[in-house]
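Opening the notebook on this one. I'm jotting down what I looked up, in the order I looked.

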Amino acid sequence: MVRIPEATVDDIRQNTDIVDVVSQYLQLRKSGQNHFAHCPFHEDNTPSFSVNDQKQIFYCFSCGRGGNVFNFLREIEGLTYPEAIIKTAELTNYPLDQSMVAQVMNQPHYEDSTTGKLYAMNTLAKSFYHHILMNTPLGKPALDYLLNRGLTKETLEEFELGFSPPQRNALFLYLKSQKDTDFEMEHYQNSGLFSQNDQPETQEFLDRFSNRIMFPIHNERGNAIGFSGRIFEEKKDSFPTAKYLNTPETSLFNKSSIIYNFDKAKSAIRRENEAMLFEGYMDVISAWQAGVKNGIASMGTSLTEDQIKRLDRFTDQVVLAFDGDDAGSEAIQRSAHYLTENTHFNVEVVTFPSGLDPDDYIQKHGANEFKEFLTHGRDTYMGFLMQYYRRDRNLANETEQIEYIDNILQELTKVDSLVEREIYLSQLADEFHVSLDTLKTQFETVMSESQARQLDELKQQQRSMRNEVPTVQVSHENKQKFTLVEQAERMLLNRLFYYEEAWLLLNKIDPAFEFVSEDYQLIYILFESYRETDFENTDTEGFLDYLQEDHLKKKVAEIFLIDLGDLVETEIKDYIHVINNVSPVKEAISQKTEALKEAQRAGNTSEQAALAIEIINLNKKLKNEITE
């Protein structure tokens, strides 16, 4: 198995600012030494998720998740450890050997798990379909069709397009013939690739996508997770079928969170600081071939909240480039409305001439004119709406003129720029021969009404919130309570993590020292082993990668965040005293208290009296130990 060298892992971590990475996923707010946000791993009413840039760790004071930048990416993206390292390098522009990256990313995912089997099955299916398209007589008609559409063989290879043959058992037989795959019936059933035969005793599965051109769908990391199949040469006597058929929902494929071509386009999106959102797969592929590398498509008619969150990490600018027909205009309006109302994205619109989609435009006008149109043929969302509301209206009719103007004024209440408002009001005034002052007066009335409605809605929301059953809120101030001994153990570990002097003092005071807590003792032993591996070059935060158990990582991350100021020589002695002397007394008090309860239940008065005296004396001793 290919591994990323430890020296490279350490260098990536040491050259990464965790605040920069986390801020691409969450809105962080500085408070004291830490940055806080609502925790993405649980329902968080108050900011309990903390990031410390000095110690380069995160920790949630509510759910207890914590770790370094690799742990964060593993948790939020569902990555393996090697994938999290590569993701960190990608986010921070750290140069990695791409051949090594390819080998690491192509390794089987969780080889013996169901997830790993489904990844492997999709990868094999992609290779099968692609081979059929590019190298067989069965695929030649579909290949000729795609080539006639203007796609080159290089582009077909780049996007790994394929063809599913009409023989519906072909894929199943191919997968069964592969060595070292060990696919079981549940894998075939859960892959989304098959429809089971009406005769289940044959245990034969039929290809869901037969006789379709296949578009592989990849996740953000470039792994094949599903397909979209475009119907090819539908028979005249057959029942009508959907033009495109997607993989159904599986453990890998959730179309509400997938962005088509995001794995290829994300670096260009980050570089150009904008995403070009097309309506279909062929538009994306044709645009890529024409030199537009930041093109993506949603898996439906508009972006979902999950898709927007993924896109938000790379850009704050979205250009909508949909078909020029009525359906395309409706899709632009829906998408743009959602983006402008619910996100911070700046939205621009490219409206293609009626009857042309981006793919058609490229074929008709060529790649250079297409790129020129995308760059200089844009309009603001408001400019698009000025045209959108004209549809199906007779603007020579005064009633429809008034309705149109009212629509535009309503939309202008959502525009913050005073300059932009002035431009559109001037356009309305010129076109409909209305004085600009009159339009401004009317606009102020519309704006006042809009603000009044918003205020009423806000008051209604507040009333609803007051009527709801209050929920318990946990903030970063509501920290877990620890006993005196636990506090001493945690503080001692914190000092051992960051001060070599603490180790010298500990060994001098008590060479045979042990922690009371089993977890803390294990952390102590593991950290000692970690230091011995390469003491000169180890950094404390790298210890989190050394640990295997998640619950230990959480404890260590929390201890990292303890701020004790500069080390004072006497404090190590004090911690050891509490752990060695206070803990045994407290344990004795606990045992005597349980014995006293038992004596009370048994009615043994003499033993009760003796135990009560012992407990009193132990408490006096405990008080003396604590005050020493």
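**Phe 370 and its surroundings**

I started at Phe 370 and skipped its neighbours within four places in sequence: what remains in contact with Phe 370 is Phe 278, Ala 287, Ala 290, Val 292, Phe 352, Pro 358, Tyr 361 and Ile 362. Note to self: this is a predicted model.

Next I looked up the largest nonpolar core. It has 61 residues, and Phe 370 is one of those that touch the most other members, together with Leu 161, Phe 194, Tyr 260 and Leu 374. Helix H6, residues 114-135, gives the most to this core, with 10 residues. I also found a second, separate core of 44 residues, which includes Ala 265, Leu 277, Ile 296 and Leu 428.

**Val 292**

Val 292 was on the Phe 370 contact list, and I followed it up. Val 292 sits in the loop between helix H12 (281-289) and strand E14 (295-298). Buried or exposed, I wondered, for Val 292? Its relative accessibility is 8%, so Val 292 counts as buried.

Again leaving out neighbours within four places in sequence, I get Ala 287, Phe 370, Lys 371 and Leu 374 as the contacts of Val 292. Phe 370 and Leu 374 are both names I had already noted from the largest nonpolar core. I also checked a C-alpha to C-alpha distance: Val 292 and Ala 367 are 9.2 Å apart in space, with their positions 75 residues apart in sequence.

**Whole chain**

Time for the overall numbers. The protein chain has 628 residues, of which 47% count as buried. I count 27 helices and 17 strands in the chain. Taking contacts with a separation of 6 or more, 65% of them are between residues 24 or more positions apart.

**The cavity**

I searched the whole structure for cavities of 30 Å³ or more, and one turned up. The volume of the largest cavity is about 60 Å³. What lines the largest cavity? Phe 159, Pro 216, Ile 217, His 218, Tyr 260, Asn 261, Asp 263 and Lys 264 do. Strand E9 (212-218) and helix H11 (262-272) are the elements that give two or more residues to this lining. E9 gives the most, with three residues. By type, the lining of the largest cavity splits into four nonpolar, two polar and two charged residues. Tyr 260 has a second role in my notes, as a well-connected name in the largest nonpolar core, among those touching the most other members.

I picked Asn 261 from the cavity lining for a closer look. Asn 261 lies in the loop between strand E12 (259-260) and H11. With a relative accessibility of 4%, Asn 261 counts as buried. Beyond its neighbours within four places in sequence, Asn 261 is in contact with Phe 159, Val 284, Trp 288, Gly 295 and Ile 296. Phe 159 is in the cavity lining too, while Ile 296 belongs to the second core.

**A pocket**

I moved on to the second largest pocket, which holds about 970 Å³ of space. Its lining has 27 residues, and those nearest the centre are Tyr 25, Leu 26, Glu 305, Lys 309 and Asp 312. Which elements supply at least two residues each to this lining? Strand E2 (34-37), helix H3 (69-77), helix H13 (305-312) and helix H14 (326-342) do. H13 gives the most, with six residues. The lining of the second largest pocket divides into 11 nonpolar, eight polar and eight charged residues.

**Helix H17**

H14 came up again when I looked at what covers the buried residues of H17. Helix H17 spans residues 381-388, and seven of its eight residues are buried, so H17 is largely enclosed by the rest of the structure. The buried ones are Tyr 381, Met 382, Gly 383, Phe 384, Leu 385, Met 386 and Tyr 388. Besides H14, the cover includes strand E16 (346-351), strand E17 (378-380), helix H18 (398-412) and helix H19 (418-432).

**Cysteines**

Last check: how many disulfides does the structure hold? Zero. Cys 60 is in no disulfide, and its nearest cysteine sulfur, that of Cys 63, is 3.6 Å away. That 3.6 Å is too far for a bond, because a disulfide needs the sulfur atoms within 2.5 Å. Cys 60 is buried, with a relative accessible area of 0%, whereas Cys 63 counts as partly exposed at 26% relative accessibility.

Notes: Residues numbered from 1 in each chain as written. Predicted model: local features only at pLDDT ≥ 70, side-chain atom pairs only at ≥ 80, totals over all residues. Heavy atoms only, no water. Buried < 20%, exposed > 50% of the residue type's maximum accessible area, 1.4 Å probe, protein only. 1 Å grid on protein atoms, 1.4 Å probe; cavity = no way out; pocket = protein on both sides within 12 Å on 5 of 7 lines; lining within 4 Å. Points joined across faces, edges and corners; volume = space filled by probe spheres on them. Helix = DSSP H or I, 4+ residues; strand = E, 2+ residues; numbered from the N terminus. Nonpolar A, V, L, I, M, F, W, Y, C, P; charged D, E, K, R; others polar. Core = buried A, V, L, I, M, F, W, Y, C linked by side-chain atoms within 4.5 Å. Contact = heavy atoms within 4.5 Å.
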